[in-house]
Amino acid sequence: MALAEKKGGLLRKSSASKKPLKEKVVLMYDEIFTIDDPSKRNPRFWEELFLMKVNLEYLEGKLEALDGEELMKIKDNINCLFQHCIQALAEEHPIRVVNALQTLCALIRGVHQKNKSTSGFDIINMLMGFDKAELCMKNLMESLDALLCAEGSESLKSLCLKLLLCLVTVTDNISQNTILEYVMINSIFEAILQILSTPLSRREHGYDAVVLLALLVNYRKYESVNPYIVKLSIVDDEATLNGMGLVIAQALSEYNQQYRDKEEEHQTGFFSALTNMVGSMFIADADEKISVQTNEAILLALYEAVHLNRNFITVLAQSHPEIGLMTTPASPVPTTPVTPLGTTPPSSDVIGSTELPLDADVQTSNLLITFLKYSSIVMQDTKDEHRLYSGKLCLIILTCIAEDQYANAFLHDDNMNFRVNLHRMPMRHRKKAADKNLPCRPLVCAVLDLMVEFIVTHMMKEFPMDLYVRCIQIVHKLLCYQKKCRVRLHYTWRELWSALINLLKFLMSNETVLLAKHNIFTLALMVVNLFNMFITYGDTFLPTPGSYDELYYEIIRMHQSFDNLYSMVLRLSTNVGQWKEPASKVTHALVNIRAIINHFNPKIESYAAVNHISQLSEEQVLEVVRSNYDTLTLKLQDGLDQYERYSEQHKEAAFFKELVRSISINVRKNLAFNTLSQELLLKEFSTIS
């Protein structure tokens, strides 16, 4: 029996004894691509077309093969096809609806390939005609809204979301996509919320819904009133916000799990054996190769929720069992195949549950913990463009959180203690921390740990100045809250002080190289002012008087670093040049640190001489410090507990424009419309006559 083969819409027998036969649907496509109206020859043409299985490849290929002029000749037929697709969406037969949705996807993508400045036609006119565009898009959006809100087929809902994602991402810069004006006017915001608030729909479609919402929010957000921004900012329904949080938590958890799995592969594989043989010489290189594709789309959704909606802050602390530790169902729910950046959907059905049962044997987690773990991974390596985007966005999200009063309240809550296992970059001079020894602490400790980890691990030639500035700002904002609310946090502050002093040493030792690219005095001033914050207000938020003594001990112990910094900024502030003013600001900021050093150093030397001790112990130095506070004179410095609040439009617009462009390209590249086979659909719609 000869096997039938199918390729590019052609059917042929393997014997090749006859000419290739075309599928009926391909013959019908060919009729559309002529100047004549295909319904003249066959009045039932459009009715029959949507009963045929769509050949996406052939239809898109046919559109791509035409130049702009040829496409304009068949504009009437393209308009007709578009309008009949929209009409078919209102049909009762699901097969017609599925075929219409897939045809629309192919049409939009195919026609947009021609949307070059040289082609001389407008995309809206080409697809539906200017005169009918408003009504066409109104009917299309109403049909999609009805399908998404109906209790019917999940496959149809999936295709509706994919069509909408196709519509949004056909241009790299979504703000140049004029069709989206109609998506703004005919909002599907409520349909997206309904998906997120319903467990079954959320499990099946939550990921696509969240990514779609994140992209729609970014349409011309600085140029006009975007209704999706307005509506997202006032959502207060708990089930909806929690649903959105669960979708984001699941996607980030899967990333974290993939990274853990790859990390274990490396530890048990070739590199582990190699390092055991030759020592730890290659350990850093081995771990650098652990790479999991980042997910900026879901991170953008988290940012928009945190930035726009004050009510979403409560979702960050919503407790649930750690997703990675939960058992997955025996028969997993089918999802879109795993794809790279911005399109990887969650595969577990954890997000299907509104209330998750807590088990005493399972570590409790929340969205913030999952996000902190994700951040600790992507912020390790900022050399790759996507990781740099992710790292920067993580710090922007943490900036928004650090400014929020309610977020700070639960971050610092002593009754909300968690064990947060952050990923630490392998470094030759330190041992890997044992996960089991992690203490349960307020969540702010994990945020500070993450900031300290970043400070310590990114002192390199390609210095990420922007990320360092954001990192120091986050620490400053947390300290401002602690000072204002007199929160005495039990934290290993010495680790932070040590990291900050090492950062200053790095800036000084690489002065020439760094000054060629960056104003290092801005960062140095911020670091010095953190110390000033501790010196001036530390007695109101450091956990014990002993902690305040330890601060002075560290400043005195590392006095050479502060002396060197003073010499450097004094030299530059006394010379005429571009660094005169920024350097002089650091000079003035060092006044209290220098006062401490100049006050205590002679007394320590005197104590050592009187007691005939060549090298004092820490306790002996602390004793000198405690007994000489009374004679120390410090200057009151203004504005240490003040900061400029985060503003996206004025400072971050260019970053978000590039980020959204990157996400749009990747979502478009990885959209799959043919994941639903005709056999599966026929099975699902077996009631069709």
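1. Helix α24. In this predicted model, α24 is mostly covered, with 16 of its 21 residues buried. The helix runs from 465 to 485. From the first C-alpha to the last, α24 reaches 31 Å. That is close to the 30 Å expected at 1.5 Å a residue. Just after α24 comes R486, with a positive phi of about 50 degrees.

2. Helix α6. This helix covers residues 75-88. Its 14 residues should span 20 Å at 1.5 Å a residue, and the end C-alpha atoms are 20 Å apart, so expectation and model agree. Like α24, α6 is mostly covered. Ten of the 14 residues in α6 are buried. Among them are the nonpolar side chains I78, L81, F82, C85, I86 and A88. The buried set also includes K75, N77, N79 and Q83. K75 belongs to the charged class, yet K75 is on the buried list.

3. The α28/α31 packing. Helix α28 takes in residues 545-557, and helix α31 residues 591-610. Their axes lie 9 Å apart, at an angle of about 85 degrees. The range from 65 to 115 degrees counts as roughly perpendicular, and α28 and α31 are therefore roughly perpendicular to each other. On the α28 side the contact is made by Y552, I555 and I556. On the α31 side it involves I593, I596, I597, F600, N601 and I604. By class, this contact has eight nonpolar residues, one polar and none charged. The polar one is N601, because Asn is outside both the nonpolar and the charged lists. The spacing in α31 is worth a look. An α-helix has 3.6 residues a turn, so residues three or four places apart point the same way. I593, I597 and N601 in α31 all meet α28.

4. N366. Where does N366 sit? N366 is in the loop between β5 (364-365) and α20 (367-378). Its relative accessible area is 0%, so N366 is buried. The side chain of N366 has two backbone partners listed here. One is the backbone nitrogen of L368, at 3.1 Å. Another is the backbone nitrogen of I369, at 2.9 Å. Beyond four places in sequence, N366 is in contact with L316, A317, Q318, S319 and H320. F418 and L443 are also among the contacts of N366.

5. F189. Buried or exposed? F189 has a relative accessible area of 2%, so F189 is buried. F189 belongs to helix α12, residues 189-197. P227 is 38 residues away along the chain, but the C-alpha atoms of F189 and P227 are separated by 8.8 Å. Not counting residues up to four places away, F189 touches L213, Y228, K231, L232 and V235. Of these, Y228, K231 and L232 fall within α14 (227-234). L213 falls within α13 (199-217).

6. L388. This residue is found in helix α21, residues 385-403. At a relative accessible area of 35%, L388 is partly exposed. Leaving aside neighbours within four places, L388 is in contact with T382 and L467. L467 lies in α24, the helix of point 1. L388 and V378 are ten residues apart in sequence, and their C-alpha atoms are 8.0 Å apart in space.

7. Positive phi values. Most residues other than glycine have a negative phi. Which residues in loops go against this? R220 has a phi near 45 degrees. Its place is the loop between α13 (199-217) and α14 (227-234). R220 is partly exposed, with a relative accessible area of 28%. H612 has a phi near 55 degrees. H612 sits in the loop between α31 and α32 (618-626). At 73% relative accessibility, H612 counts as exposed. R486, just after α24, also has a positive phi.

8. Whole protein. There are 35 helices and seven strands. Of the 689 residues, 55% are buried. Among contacts with a separation of 6 or more, 78% come from residues 24 or more positions apart.

Note on methods. Residues are numbered from 1 along each chain as its sequence is written. This is a predicted model: local features need pLDDT of at least 70, side-chain atom pairs count only at pLDDT 80 or more; totals for chains, interfaces and linings use all residues. Side-chain values use heavy atoms; hydrogens and water are left out. Axes are lines fitted to C-alpha atoms, for helices over the stretch in contact, and angles run from 0 to 180 degrees between N-to-C directions. Helices (H or I, at least four residues) and strands (E, at least two) are DSSP runs, numbered from the N terminus. Angles under 35 degrees count as roughly parallel, over 145 as roughly antiparallel, 65 to 115 as roughly perpendicular and the rest as oblique. Contact means heavy atoms within 4.5 Å. Buried means under 20% relative accessible area, exposed over 50%, partly exposed in between (1.4 Å probe, protein chains only). A polar contact is a pair of N or O atoms within 3.5 Å; within protein, one must be able to donate a hydrogen and the other to accept it, and residues adjacent in sequence count only if both atoms are side-chain atoms. The expected span of a helix is 1.5 Å times one less than its number of residues.
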